[in-house]
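Reader: Could you walk me through how to read the features of this model, one at a time?

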Amino acid sequence: MTEQNVLVVTVDDETNPYEEGIEAIQTLKEGEHLDRPATVRFPNESQLTDVFNERTYTLLRVIRDEEPDSIRETARLVGRDKKNVHEELTTLEALGVIRFEAVGRAKKPVFPYDGLVVSPLADDPGDGATAPP
């Protein structure tokens, strides 16, 4: 079975990303494999939906399917203003959702994952529910 490189986007106000990062670094230093997907966490559903909305999904689909060579081309493909697309892509880059590659003087947006899983509902530790494996 081939491993997939999946980005998980979720709501989790309980996790301390600093401590989680330190643990991941220690695991890698010990030569062990870090067996968890790349994850972007938001403190609440409102902030998640501010970033991940219909416009964002359209941008990600275009980047994945059309592989535009620049922000300008990406804006043209989605029929939007270059400045607005640049702002959204910059936010996505800061979150680690996309990366930019230099193509001449242009910045090519790249979605470096095989898939995207968005879980917008925060877990309530008191609800007794367990997460699927």
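**Reading the model**

Author: Happily, and let's begin with a charge over a ring: the charged end of K107 sits over the ring of F100, 4.5 Å from the ring centre. The term applies if NZ of Lys or CZ of Arg is within 6 Å of the ring centre and within 35 degrees of the ring normal. This is a predicted model, where local features need pLDDT of at least 70, side-chain atom pairs count only at pLDDT 80 or more, and totals for chains, interfaces and linings use all residues. Residues are numbered from 1 along each chain as its sequence is written, and side-chain values use heavy atoms, with hydrogens and water left out.

Reader: What is the mean pLDDT of the chain?

Author: pLDDT is the predictor's confidence in each residue, from 0 to 100. Here the chain mean is 80, and 70% of the residues reach 70 or more. Among the elements, helix α1 (residues 17-29) has the lowest mean, 51, and α4 the highest, 98; helices (H or I, at least four residues) and strands (E, at least two) are DSSP runs, numbered from the N terminus. Over residues 125-133 the pLDDT is below 50, and this stretch has zero contacts (heavy atoms within 4.5 Å) beyond near neighbours in sequence. Where pLDDT is low, the predicted coordinates should not be read in detail.

Reader: Which residues touch the most other members of the largest nonpolar core?

Author: A nonpolar core is a set of buried Ala, Val, Leu, Ile, Met, Phe, Trp, Tyr and Cys residues joined through side-chain atoms within 4.5 Å. Buried means under 20% relative accessible area, exposed over 50%, partly exposed in between (1.4 Å probe, protein chains only). In this 23-residue core, they are F52, L89, L92, V97 and I98. Helix α3 gives the most to this core, with four residues. Leaving aside neighbours within four places in sequence, the contacts of L92 include F52, L60, V97 and I98.

Reader: How many aromatic pairs does the structure hold?

Author: Rings of Phe, Tyr and Trp (its six-membered ring) pair if their centres lie within 6.5 Å; planes under 30 degrees apart count as stacked, over 60 as edge-to-face and the rest as tilted. The structure holds three such pairs. F42 and F52 pair edge-to-face, at 6.1 Å centre to centre with 85° between the planes. F42 is buried at 6% relative accessibility, and F52 is buried at 4%. With Y57, F42 and F52 form one aromatic cluster.
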